[in-house]
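Please examine the helical parts of the model shown here, with attention to how residues are distributed around a helix and how helices pack.

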Amino acid sequence: ERSLAVPYGGFEGAPLSLLIHPDDRALANAFLADVALDSAASKPVEWRMRAADETWIDVETTATGRLDDPDLQGIVLNSRDVTERKRLEAQLHQSQRLESVGQLAGGIAHDFNNFLSVIQGYARFLVDGLDDGNPLRGDAREIERAAERAARLTNQLLVFSRHEMVPRTAVDVGEVLDEIGSI
């Protein structure tokens, strides 16, 4: 953590307002006005502040009013760099969202798999119940194959939802194109 004190890092004599990100200046002004009215130590507030290397960092700031102190007559700010903490919090939030998506995908895939089992069962009954010469037998086989492809896709969603590694397998692109072409 960097210690942020004015003057520091080449900003000697710079007004505090120039060190605070333009979008956060209203927040900072309200914060400082509150501290000026009540000199007790403030609750922490976060805003972005210019660092010595001219980048914007997130800081958590507390303040104590010393307006009655004849030697100081001002407000003492104590700020600490919380940029890394905020970055890690954002990563955690993103990870939690991905976990939720995985759980949702897993739930949908599980339910969809149940429907596919019924479709596959009835397609199998149709195929077995139709004579080889019946033109509907080919259609029933297509239903069966489509349900099998959907089941493979559903299993991929289930693997994703469990965060499992999928083993890599060689795929014959010609077979895949033939299968797609027959749909």
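On the side of helix α2 that faces away from its buried residues, the exposed positions are Ala26, Asn29, Asp34 and Leu37, as they appear in this predicted model. The buried residues of α2, by contrast, are Ala28, Phe31, Leu32 and Val35, and because these fall within an arc of 95 degrees when α2 is viewed down its axis, they line one face of the helix. In general, an α-helix has 3.6 residues a turn, so residues three or four places apart point the same way. Helix α2 has 13 residues, and the distance from its first C-alpha to its last is 18 Å, close to the 18 Å expected at 1.5 Å a residue.

The ranges of α2 and of two further helices are as follows.

| Helix | Residues |
|---|---|
| α2 | residues 25–37 |
| α3 | residues 83–129 |
| α4 | residues 135–161 |

Helices α3 and α4 pack with their axes 8 Å apart and at an angle of about 160 degrees, which means that α3 is roughly antiparallel to α4, since angles over 145 degrees count as such. The crossing of these two helices is left-handed, and the residues of the contact between α3 and α4 comprise 17 nonpolar, eight polar and five charged ones.

As for the chain as a whole, it contains five helices and four strands, and the order of these elements from the N terminus is β-α-α-β-β-β-α-α-α. Of the 183 residues in the chain, 25% are buried.

Methods
Residues numbered from 1 in each chain as written. Predicted model: local features only at pLDDT ≥ 70, side-chain atom pairs only at ≥ 80, totals over all residues. Heavy atoms only, no water. Axes fitted to C-alpha atoms, helices over the stretch in contact; angles between N-to-C directions. Parallel < 35°, antiparallel > 145°, perpendicular 65-115°, else oblique. Left-handed = near helix turned anticlockwise from the far one by under 90°. Nonpolar A, V, L, I, M, F, W, Y, C, P; charged D, E, K, R; others polar. Expected span 1.5 Å × (residues − 1). Buried < 20%, exposed > 50% of the residue type's maximum accessible area, 1.4 Å probe, protein only. Arc of directions from axis to C-beta.
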